[in-house]
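Let us walk through this structure together, from its domains to a few individual residues. Keep the view open as you read.

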Amino acid sequence: MSQSADILKKQSRSDLGASDTLRAFKDRFARYSITLGGLMVLMTLLMIFGYLLYVVEPVFRDASIHITHQQKIDQGDKVVATGSDELNEVGYYYNDNGQLNFYPLIETSPAKSVVDLPLVGEQTITSFSHTNSDIVFGLNDGSVLLSQPSFTMSFTKYGRRISPQVRYPLGQQSLQIDPAKKALTKLTFQRDEEQVTTVALTQDHRLVIATLTAQENFMTEEVEWVSEVNELTSIPTTVNKILITPDQRLLFVLSHTQLYIYDLASDNFDAPRQVVEVSEAGAKVTDISLLSGGSSILVGNSNGVISQWFETKTQRGRRLTKIREFSVEGSVEKIEAEPFRKTFAVLNSEGDIRLFHSTSEADLLAAPLVHKATQLKFSPRNNALIFTTPNSIDFYTLDNEHPEVTWSALWQEVWYEGYPEADYVWQSTSASDDFEPKLSLVPISFGTIKAALYAMLFAVPIAIAGAIYTAYFMPPKLRKIVKPTVETMEALPTVILGFLAGLWLAPIIEDYLPFVFMILFVVPLAVVLFAYAHHCLPKTWRNRLNEEYSTLMLIPIILLASAACYGLSPVIEAQFMGGDARMFISNELGIDFDQRNALIVGIAMGFAVIPTIFSITEDAIFSVPQHLSNGSLALGATRWQTLVGVVLLTASPGIFSAVMMGLGRAVGETMIVLMATGNTPIMDWNIFEGMRTLSANIAVEMPESEVGSTHYRVLFLAAFVLFIFTFFFNTVAELVRQRLRDKYGSL
Amino acid sequence: MLLGMKKVGTNKVGTNTDGAGSMKKWTKSGSPMIWLTSGAVSVSLIAVLGLLGLIAWRGLVYFWPSTIYQFDVVNPHGQVEVVIGEVYETDMIPAQRLRENGHIISDDVEEVASLLVKTGNRELVELDFRWLLTTTIKSQQVLPNLAVFERNKNGNFYGTMSSVTVDGRKVTGDMDTLIETLDDSLERVETLQDQADSLQNDKINGLNFQLERLRLKERRFEIDNELTPDRAVDLKVQRKTLNDEYLLHEAQLFKFRSAMTRDFVTVKDMRGKFVNINLSNLLSFNLPNQMNVLTKAGHWFVNIGNFVMDDPREANTEGGVFPAIFGTIFMVMLMAVIVTPFGVVAAIYLHEYAKKGIVTKFIRIAVINLAGVPSVVYGVFGLGFFVYILGGSIDDLFYPEASPSPVFGSPGVLWSALTLAILTLPVVIVSTEEGLSRIPISLRQGSLALGATKAETLWKVVVPMASPAIMTGLILAVARAAGEVAPLMLVGVVKMAPTLPVDGNFPFFHLDRKFMHLGFHIYDVGFQSPNVEAARPLVFASSFLLVTVIVGLNMTAIRIRNILREKYRSLEH
């Protein structure tokens, strides 16, 4: 081709006219644009590959921080609490004199302002507690004051304006919680819509628990707070820190290296439910902190080890168990948990900030700070960190979008809060708010492989055997009809196969379970028996029923055999399975049974895969050169021996490539699995249970996931994994096939 | 089959010793294995034909007017109850199980038939489907006067017509008079309905569209800071005119609607109570028990026609599938327009221009992989890249006034077509390339020898000759695209689209709209609808429609390809 084009070029160069220039230009133009078009195919594939990676990549990024603002503190002020608004435009801090200072973080924010807390008379601040945006102060007269910095936004001609103020959700007057009016030295506080609980240590070493319960006055519909005060009598002699869980049920009291756990909701709240030694030998516990949700407690010690503990069910009831450890250089000075995710930050004695995610065990960040800090606080949207240093408040923006995903969290067992042990779990969403997404790709990858394998188990024998017969034994006239008919099946929309499998086949198989297993033995047996009967027929009859048309003769035989199995199924069920196969399997054999299970998927997807394997195998066998088998036959081998010894051997790379293609198709199939299983992400090879595959998972969850969220990116990762799976199978198949083609070319 | 394959391995060539007895000899010859492989082909054939037959049978039977039975049933309290309805399914239940559940069944019975009866009248009874054990049925009648009323709400109604009230005047009498009166009244309602529909579709929807356009225009001016007082007044005047016109049409529409509710028919249902069905809710009625085979066949065709041409009702579980058919065809055509040029150009490159080298090898691997990548991955790519990135940028550039509601930045028919175009690209490439390879090289050489450039040879000789192959590829691509559902679930298909992607409002083709799709319709109705039992026949009907289209397209493609092969075989000699 190109040779003749070259000749043409030489010719046309000799007599270039005006129109010939145009023609030559057109020719060149066509060449370039067509080449571009051809390369576009490659580019498309690369683009899909690249784009999937582009979306997935941020998930594996580490966190990063950089300082954006530094607020000098007035001389002599001691900062007790810090924070900022949701947009990181206004920061605030409280000092120990009861003053709230708002300061601008960006230029357009309002200038610095100071609000005095409504302390009356001799009241001074003796302790404080900071949860989310609530800041509670314990006062020297045994009362507490709850304040909340709040920010209102208004839109003016000059754009958005933010104005800070302070609110007192429980009133401007401090609430008396210690009847003895002693100063409160340690304080912990939690509240929700219905209840407020404060636990405080008094100066004379008593633990006071004050509970406020909201009661709606049904006349005025106003909410009134009813208070109840209790005292714990048996408390350790030293109390280092107290913490209460957000559900206001559990109280943790740290005394040296021992953690006392009190269950405030039980009748016997006074006695600690459990006392745990939480530190290793020779180390001092330096700080404890609750992870978001309050189910886990983090314990930091002077060896630089932070351990995570949560309650697990044991024979002795719920016990606090050490789950995992993290370590930092030097000793742990301060632990602070993110309000909504399971990320926590640690300050160590070296002046570094470390960021970890507890569940994924991700080590997100290790960075030195500009000034060594004593306290730190996450901003409301987790996108900034506010550090308190001796002379200033340092504001760092934090980039930590996807802490919950690491390679190991995706592919290894993870011990989630509330689970008895580490496990592979996929559970991306839930109705509750403080739910932690569990994104392990193992169960759904397992489901994919399970579905594909059961499908292959069903499809490979039928497809290959069928292809062997069609290519090698079938008369050409029949082959011309049979091949396109089987290939038609490839065009059948999988949504229809899935629908039939889920709504038609599944109930039938559930009712006639023995039928399926009988058919496996009865049909081949019937075929062989019929073949022998045919063999024994008198010659005239045998010629009339020519063996060449065995396929057609076998159709009624197979149908009859199946019908017999179908009819016998209830009898077998009544005789051997107590009348109900399903009950028999789940009760007697102890195997779980779902109506839409792997068996259904195997059959339905098997049908979808048969034409793929059939078609390629048939081509491979058919293209084995005739003289090879002729030679074998001439040496006295039977037709079957020739097939097994010569033809199949020669065609085996082609058959391998067909199976690979089929596997690729089974792995990626979506609609059949979606419709023919219950889509539960379980890990079990049981043929009577369902599975959730990567593809079905994408189809189900993608439309509901928020763009750019971790869930969205992990679904893209699932798609990427599928892409790689099938890319591998298809490329191997294609390379094998290309080699095969070259080999036959020489034969 | 597995056992058989294992045996193959041990059966080595050349161990053909003389066995004792013909059975052994026969086994040795490998004949049973050949029969078993033949059996595998039979199983495949049974599967294909059985599947197609099942879908065709279940899909077509749905439209056949079925007999309405009246059963006298003894209920668990010992009272006799009348049940009127169609028999949907018969199931055999082992007597043993029923005895365990407290049914009294004589000992010699092994199985009891149970009938699934569709009783309709959904708003009046708890379940519109119920299972009746044949042992509880005291008698079963086929009464000629039982009628089925198809309504636009609450499904079918079964009962006996007792009177028709026309314009406040109650008409009673024998069945023929009633039927005649009801037919006349129904015809009047249908005329009114047509008028109301055309008013709604042509006038009112158009006005709504123009009003929305005015709103966007105003917003656009605001964004660009070009909303001068003149323009504001002008817009206000335009809006006023449109609103006035709208109110006028709306009043007319309400008039039509209220005129439709004039007449009603009174029906005695299976509880023996009289129920009024307003004709505005009645779509059609018939008395299947009086029909003979011919009239039933006539109704069968009418029902099929309605199924193809009507809009769905009752959350897609009743009515027709017209929007789904339209959506499928429109999307597939759009896809064909996109995929053909790219596929053909790529194939021409691979076959005519590409030199044997590493790049060509990579391109071939890319083609194979594009064909093998799971369709849902294309959906993910389409959603992320086309919808959010491309669509989002288009919105930012051209439709800032529509913000925050997206125009192209949300799934739609254009993105679906583009996604499926990538998916079907390999189909077109492979088919076109095959066609190109069948064109004898001598033809090209002839053209080149006569002085044509390569481009001219391609354009004037090769491509026209390959056009049937391109056509084949296109048909196969269309067939593949018409059956894909998984990627569409992500990039634009919805269970219920309020408007078609094509209508009478400028620019007529609304490529940003979401659309309905036959394949998704099957998934949605079969698996997401609240009343699966009621919807199942409809799903079979939709499946049959889809399968017919797709198998038909494939057959055509295969046929074209075969003709083509024959044609070029003769050219080669």
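Before we talk about distances between domains, one definition helps: domain bounds here come from an automatic or database domain assignment. Please also bear in mind that this is a predicted model.

With that settled, we can begin with chain B. Its domain assignment lists domain 1 (68-141), domain 2 (162-286) and domain 3 (325-517). Take domain 2 and domain 3 of chain B: their centres, computed over C-alpha atoms, lie 41 Å from each other. The two domains do touch, with seven residues of domain 2 of chain B in contact with five residues of domain 3 of chain B. On the domain 2 side of this contact there are three nonpolar residues, one polar residue and three charged ones.

A pair of residues in chain B gives another sense of scale. B:K460 sits in helix α13 (residues 454-483) of chain B. Is B:K460 buried or exposed? B:K460 counts as exposed, because it has 12 C-beta neighbours inside 10 Å and a residue with 12 or fewer falls in that class. Now look from B:K460 to B:T241: these residues are 219 positions apart along the chain, and 57 Å lies between their C-alpha atoms.

Next, turn to where the chains meet. Chain B brings 90 residues to the contact and chain A brings 92. Within the chain B side, helix α3 (residues 31-61) of chain B supplies the largest share, with 19 residues. By character, the chain B side that touches chain A consists of 62 nonpolar, 23 polar and five charged residues.

Crossing over to chain A, we find 16 helices and 31 strands. Why is chain A described as more spread out than a compact globule? Its radius of gyration is 37 Å, whereas the globule rule gives 27 Å for 747 residues, so the chain is well over that value. Measured out along the principal axes by calculation, the C-alpha atoms of chain A fill a box of roughly 120 × 95 × 60 Å. As for packing, 44% of the 747 residues of chain A count as buried. Among contacts in chain A with a separation of 6 or more, 58% join residues 24 or more positions apart.

One helix of chain A deserves a closer look. Helix α13 (residues 639-668) of chain A has 30 residues, yet its end C-alpha atoms are only 38 Å apart, while a straight helix at 1.5 Å a residue would reach 44 Å. Where does α13(A) bend? There is a bend of about 55° at A:S652, and a proline, A:P653, follows within four residues. This helix α13(A) is also mostly covered, with 24 of its 30 residues buried.

Finally, visit two loops of chain A. A:K181 lies between β10 (175-176) and β11 (184-191) of chain A, and A:K181 has a positive phi of about 60° although it is not a glycine. A:K181 counts as partly exposed, because 13 C-beta neighbours fall inside 10 Å. The other loop, between β15 (241-244) and β16 (250-255) of chain A, holds A:Q248. Phi of A:Q248 is near 60°, again a positive value in a residue other than glycine. A:Q248 is buried, because 22 other C-beta atoms lie within 10 Å and the cut-off for burial is 20 or more.

Definitions and conventions. Residues are numbered from 1 along each chain as its sequence is written. Chains are lettered from A and ligands numbered from 1 in the order in which they are written. This is a predicted model: local features need pLDDT of at least 70, side-chain atom pairs count only at pLDDT 80 or more; totals for chains, interfaces and linings use all residues. The expected span of a helix is 1.5 Å times one less than its number of residues. The bend at a residue is the angle between axes fitted to the seven residues ending there and the seven starting there. Ala, Val, Leu, Ile, Met, Phe, Trp, Tyr, Cys and Pro count as nonpolar, Asp, Glu, Lys and Arg as charged, and the others, Gly among them, as polar. The radius of gyration is taken over C-alpha atoms; the globule rule is 2.2 Å times the number of residues to the power 0.38.
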